[in-house]
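Student: I should like to study a protein model with you, step by step. May we look at the sequence and the structure together?

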Amino acid sequence: MATHPSSGEPASAQTQEHPTLRQGGFIEKIIEFSAHNKFLVLIFIFATLVGAVWAMKNVPLDAIPDLSDTQVIIYSRWDRSPDIIEDQVTYPIVTAMLGAPRVKAIRGFSDFGFSYVYVIFKDGTDIYWARSRTLEYLSKIIPRLPEGVRTELGPDATGVGWVFQYALVDETGQHDLQELRSFQDWYLRYYLQSVPGVAEVASIGGFVKQYQVTIDPNRLLAYNMPLTHIIEAIRQSNQEVGGRLLEFSGAEYMVRGRGYLKSVEDIERIVVGTDQNGTPMLVKHIGSVALGPDIRRGLADLDGRGDVVGGTVIMRYGENALNVINRVKAKIEEVKPSFPPGVELVVTYDRSELILEAIA
């Protein structure tokens, strides 16, 4: 037995293998296994190629990273001043959301006619779990809000979900801004909102059509009739009621009262009361009815040429921006033949161009 020259202790008879030798032997085993199992290696390579192609087609691509917090927006509408909305709408909603789980911060904003409450959750919280918890806690406070308050949740999107924007233009002059806005609100918006990955299609510009009743206060005073009575009479006249069944000669007939208002003349013929002689008084006897625009809270201008009607496509949270934009473009091409004569869709913002340039 050999001994150490200085201490006299026996030297170890074991020797350590060099790491390079161990690595070389491992690689030789992989090569040997691949040479004896060619079919398995080919299957593994084919599966890897299929996975790579699938990942290239399905990986979310976007040029703007979404670093926003998980948040849920509670939107309330009520025709009151900001201080009243703050005390009776915003503050109760904020206090109701304080006990929600995983909530990091709550911010409330009150303005004339509407209120926003931003509920921000901790990082990593699932957006749909957060929305369900918000609805759960919101259901406790909604019955205690003042009558007439309409509360809803904002779309399941973030601030960077604005991926596509367009404008509706009629160079021929056949359609005015009210007709273009009606086409956007009642037709095109629903087509695009059905595209997978789209959370909301917001409209801007144009005029929203209204049936406007202008009451003469002198006539109200002459007939000794309050304004609330006129409002209630118009509201009750715009509805349908159902009855029971009538049987004649072995056949059943369903009874219903049809009362939907469809024109200015229908509103003018609504009975609001009777005079001293028992003669029915109609809406047209105490005021005038006409078509007009709603109050405008904004407008859209295209290249300085004047007002246009536009739409903004908002992408759902976590979706592939490039795929959503391509699906929106395909849907637009599909519905273009149904556009009114002379109406053209002009793309004003398309993030896919930025995404493709960033990838290149």
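The following questions and answers treat the strands, the rings, the cores and some loop residues of this predicted model.

Student: In what order do the strands of the open sheet of four strands stand?

Tutor: Strands of a sheet pair through backbone hydrogen bonds, either parallel or antiparallel. In this open sheet the pairing is antiparallel. Seven bridges join strand 1 (residues 71–77) to strand 3, and eight bridges join strand 2 (residues 103–111) to strand 3. The order of the four strands is 2-3-1-4.

Student: Which strands stand at the edges of this sheet?

Tutor: An edge strand here has a single partner strand, so one side of it is left without a neighbour in the sheet. Neighbouring strands of the sheet are turned by 15° against each other on average, direction ignored. The two strands at the edges are strand 2 and strand 4 (150–153).

Student: How many of the eight residues of strand 3 are buried?

Tutor: A residue counts as buried when its relative accessible area is under 20%. Strand 3 covers residues 114–121 and is mostly covered. Helix 3 (residues 82–97) lies across strand 1, strand 2 and strand 3, while helix 4 (residues 127–141) lies across strand 1, strand 3 and strand 4. The number of buried residues in strand 3 is six.

Student: Which residue in strand 3 is the bridge partner of F109?

Tutor: Strand 2 and strand 3 run antiparallel. One bridge between them has V103 and F121 as partners. The partner of F109 in strand 3 is Y116.

Student: Which residue takes a positive phi in the hairpin of strand 2 and strand 3?

Tutor: This hairpin has two residues between the strands. A phi near 95° is found there, and the residue that takes it is G113.

Student: Which residues are linked into a cluster by ring pairs?

Tutor: A search of the whole structure finds eight aromatic pairs. Ring pairs link a cluster that includes F109 and Y116, which are also bridge partners. The residues of the cluster are Y75, F109, F114, Y116 and Y118.

Student: Is the ring pair of F183 and Y187 stacked or edge-to-face?

Tutor: A pair of aromatic rings is described by the distance of the centres and the angle of the planes. F183 and Y187 are four residues apart in helix 5 (residues 177–193), about one helical turn. Their ring centres are 6.1 Å apart. Their planes stand at 25°, and planes under 30 degrees apart count as stacked, so the pair is stacked.

Student: How far is the charged end of K140 from the centre of the ring of Y137?

Tutor: The charged end of K140 sits over the ring of Y137. In another such arrangement, R296 lies over the face of F207. For K140, the distance to the ring centre is 4.3 Å.

Student: Which helix supplies the largest share of the largest nonpolar core?

Tutor: In soluble globular proteins, nonpolar side chains tend to be buried together. This core has 26 residues, and F164, Y166, L168, L188, L192 and V328 touch the most other members. Elements that each supply at least two residues include strand 5 (162–170), helix 5 and helix 10 (321–335). The largest share is seven residues, and it comes from helix 10.

Student: How many residues are in the other core?

Tutor: This core lies apart from the largest one. Among its members are W78, V89, V117 and A130. The number of its residues is 21.

Student: Is S249 buried or exposed?

Tutor: S249 lies in the loop between strand 8 (241–248) and strand 9 (251–257). Its phi is positive, about 55°, although S249 is not a glycine. Its relative accessible area is 84%, and a value over 50% counts as exposed, so S249 is exposed.

Student: Where does D303 lie?

Tutor: D303 is a residue other than glycine with a positive phi, near 55°. At 66% relative accessibility, D303 counts as exposed. Its place is in the loop between strand 13 (300–301) and strand 14.

Student: What is the C-alpha to C-alpha distance in space between R316 and P337?

Tutor: R316 lies in the loop between strand 14 and helix 10, and R316 is partly exposed, with a relative accessible area of 24%. In sequence, R316 and P337 are 21 residues apart. In space, their C-alpha to C-alpha distance is 27 Å.

Notes:
Residues numbered from 1 in each chain as written. Predicted model: local features only at pLDDT ≥ 70, side-chain atom pairs only at ≥ 80, totals over all residues. Heavy atoms only, no water. Buried < 20%, exposed > 50% of the residue type's maximum accessible area, 1.4 Å probe, protein only. Pairing = 2+ DSSP bridges. Phe/Tyr/Trp six-rings, centres within 6.5 Å; stacked < 30°, edge-to-face > 60°. Lys NZ or Arg CZ within 6 Å of the ring centre and 35° of its normal. Core = buried A, V, L, I, M, F, W, Y, C linked by side-chain atoms within 4.5 Å. Axes fitted to C-alpha atoms, helices over the stretch in contact; angles between N-to-C directions. Contact = heavy atoms within 4.5 Å.
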